[in-house]
Amino acid sequence: MSARSASPGAHRLTGRDAKTLALASLGGALEFYDFIIYVFFTAAIGHVFFPASMPDWLSQVQTWGIFAAGYLARPLGGIVMAHFGDLVGRKRMFTLSVFLMAMPTLIIGLMPTYETIGYAAPLLLVVMRALQGAAIGGEAPGAWVFVSEHVPARHIGFACGLLTGGLTGGILLGSLMATAINSVFTPDEVIGYAWRIPFVVGGIFGLIAMYLRRWLEETPVFEEMRKLKETADELPLKLVLRDHGRAVIVSMLATWMLTAGIVVLILMTPGLMQKLHGIPATDTLIANVAATLTLTISAIVVGLLLDRHGPRIVTLVGGVLLIAAAYALYLGPAADPTLLLPIDAMAGFCVGVIGVVPVVMVRAFPPAVRFTGLSFSYNVAYAISGGLTPLVVSLLVAVDPLAPAHYVAAVTVIGVAAVVYGTARGHAPRPAALAEAAE
């Protein structure tokens, strides 16, 4: 039994826990804001970082290519940071991830453009996006591990849910900032200078978040491992691949479900609704803000349900609701475009079932290799499925307008089966009461 579980406060959240969760969620929100804000200003970035003589389509392709560099750097950054997180401590890497995100974001907002330094501008932009990708690769896995090892076992679902809500809240902040900038400034002003504002603001707030994370303490789980000299005595990734293959597979399949929900039902839906049903861009973006807001709320609700009922029941019920919401989203607005807003908001809430994924992964790996196992599984799966999903869905939608819903349904069935299999075989999470009894 751990020292924590023996303490009087083992079954309830303390003020220290609340501070940890608040600072972790705030930092996660700001970090995801920094990473995603690039998406909302690709048009302006394409204008200022490439020659004026370059065709618009080519500059946009290259701008999105630079965005993709961030995703390509995610697995490597996540694995390296997780390696040291398992060997030298969670807190150091948790703080480093914010710094690696905040500084490149601030630099992007201040750096000279093509007109000033020529092709050095887009090359520098690639480097900054790669650093951001490395940071985001360590942030989500590190944050889930950090908060789950700080709170009592019966509150791991709530802790991970609150953190996940913070991450999706960062996407919402980026959307709101982009809407505000484009409402206040003219298109020429946005291209001229206003596109810099969100990056500078994000960089400054990121540095503030890094400073605040200095006041966080190392997780009790890691401190106990270090005290008992139970940290990994071999390369953590080697141990994960050799001894925890089933946990890796379960975690990667669960992550695939997460990417299907986020990429298809949140990120791709505005463009698909414009293309398939001719719904104005403004209407689709407003509906998307509503969906992201309900997703943020739902992530916390799902976390609470996980603590009460365990992942198997929550995943089975949530998976069915997610599939139903996907079909409703691609059938309802086709019949009546005015239904987009309420149905999109409902679909966003149903996407909240992805809150089971971090809990599955946190409990799938032992503490000595938890950070590495979670980071490897999550980042590799996200890089593959997150990169291929838009391409696959875009190709399939030309054949069947319901292809996005079919894709989400198929992947959700796979993800639910993986979680149920993992809980049945003991490779993934157990209900909180059992977890505490085992400590």
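These are my notebook entries on a few things I looked up in this structure, which is a predicted model.

**Entry 1: the enclosed space**

I began with empty space inside the protein. Rolling a probe the size of a water molecule over the atoms shows where empty space is left. How many cavities of 30 Å³ or more does the count give? I found that the count comes to one cavity, and I noted that about 250 Å³ of space lies in the largest cavity.

I then asked which residues lie nearest the centre of the largest cavity. Its lining is made up of 17 residues, and Phe32, Ile171, Ile262, Tyr378 and Tyr382 are the ones nearest the centre. The elements that each give two or more residues to this lining are helices H2 (15–40), H4 (56–87), H7 (120–148), H8 (156–184), H13 (245–277) and H18 (370–397). H8 gives the most, with four residues. When I sorted the lining by class, I wrote down 14 nonpolar, two polar and one charged residues.

**Entry 2: two tyrosines of the lining**

I went back to Tyr378 and Tyr382, two of the residues nearest the centre of the largest cavity. They are four residues apart in helix H18, so about one helical turn separates them. Tyrosine 378 has a relative accessible area of 4%, and because buried means under 20%, I recorded tyrosine 378 as buried. Tyrosine 382 comes to 8% relative accessibility, so this residue counts as buried by that cut-off.

**Entry 3: aromatic pairs**

Next I turned to the aromatic rings, and I noted that the structure holds six aromatic pairs. One of them joins phenylalanine 49 and tryptophan 195, which are edge-to-face, with 5.7 Å from centre to centre and 75° between the planes. Where in the chain do phenylalanine 49 and tryptophan 195 lie? Phenylalanine 49 is in helix H3 (residues 42–49), while tryptophan 195 is in the loop between helix H9 (187–194) and helix H10 (196–213), so that the pair links distant parts of the chain, 146 residues apart. Both phenylalanine 49 and tryptophan 195 are buried. The tyrosines of my second entry also form a pair: the ring centres of tyrosine 378 and tyrosine 382 are 5.6 Å apart and their planes are at 55°, so I listed this pair as tilted. I also noted that ring pairs link Phe49, Trp195 and Phe199 into a cluster.

**Entry 4: a proline and a glutamate in helices**

I looked up proline 104 and found it in helix H5 (residues 90–110). Its relative accessibility is 4%, so proline 104 counts as buried. Not counting residues up to four places away in sequence, proline 104 touches Phe99, Met128, Leu131 and Gln132. I also compared positions along the chain and in space: proline 104 and phenylalanine 35 are 69 residues apart along the chain, and their C-alpha atoms are separated by 9.8 Å.

Is glutamate 139 buried or exposed? This residue sits in helix H7, and with a relative accessible area of 0% glutamate 139 is buried. Leaving aside neighbours within four places in sequence, I listed its contacts as Gly27, Gly28, Glu31, Phe94, Ser97, Val98 and Arg213.

**Entry 5: cysteines**

Last, I checked for disulfides and found that the structure holds zero. I looked at the burial of two cysteines as well: cysteine 160 is buried, with a relative accessible area of 0%, and cysteine 350, at 14% relative accessibility, also counts as buried.

Methods
Residues numbered from 1 in each chain as written. Predicted model: local features only at pLDDT ≥ 70, side-chain atom pairs only at ≥ 80, totals over all residues. Heavy atoms only, no water. 1 Å grid on protein atoms, 1.4 Å probe; cavity = no way out; pocket = protein on both sides within 12 Å on 5 of 7 lines; lining within 4 Å. Points joined across faces, edges and corners; volume = space filled by probe spheres on them. Nonpolar A, V, L, I, M, F, W, Y, C, P; charged D, E, K, R; others polar. Buried < 20%, exposed > 50% of the residue type's maximum accessible area, 1.4 Å probe, protein only. Contact = heavy atoms within 4.5 Å. Disulfide = S-S within 2.5 Å. Phe/Tyr/Trp six-rings, centres within 6.5 Å; stacked < 30°, edge-to-face > 60°.
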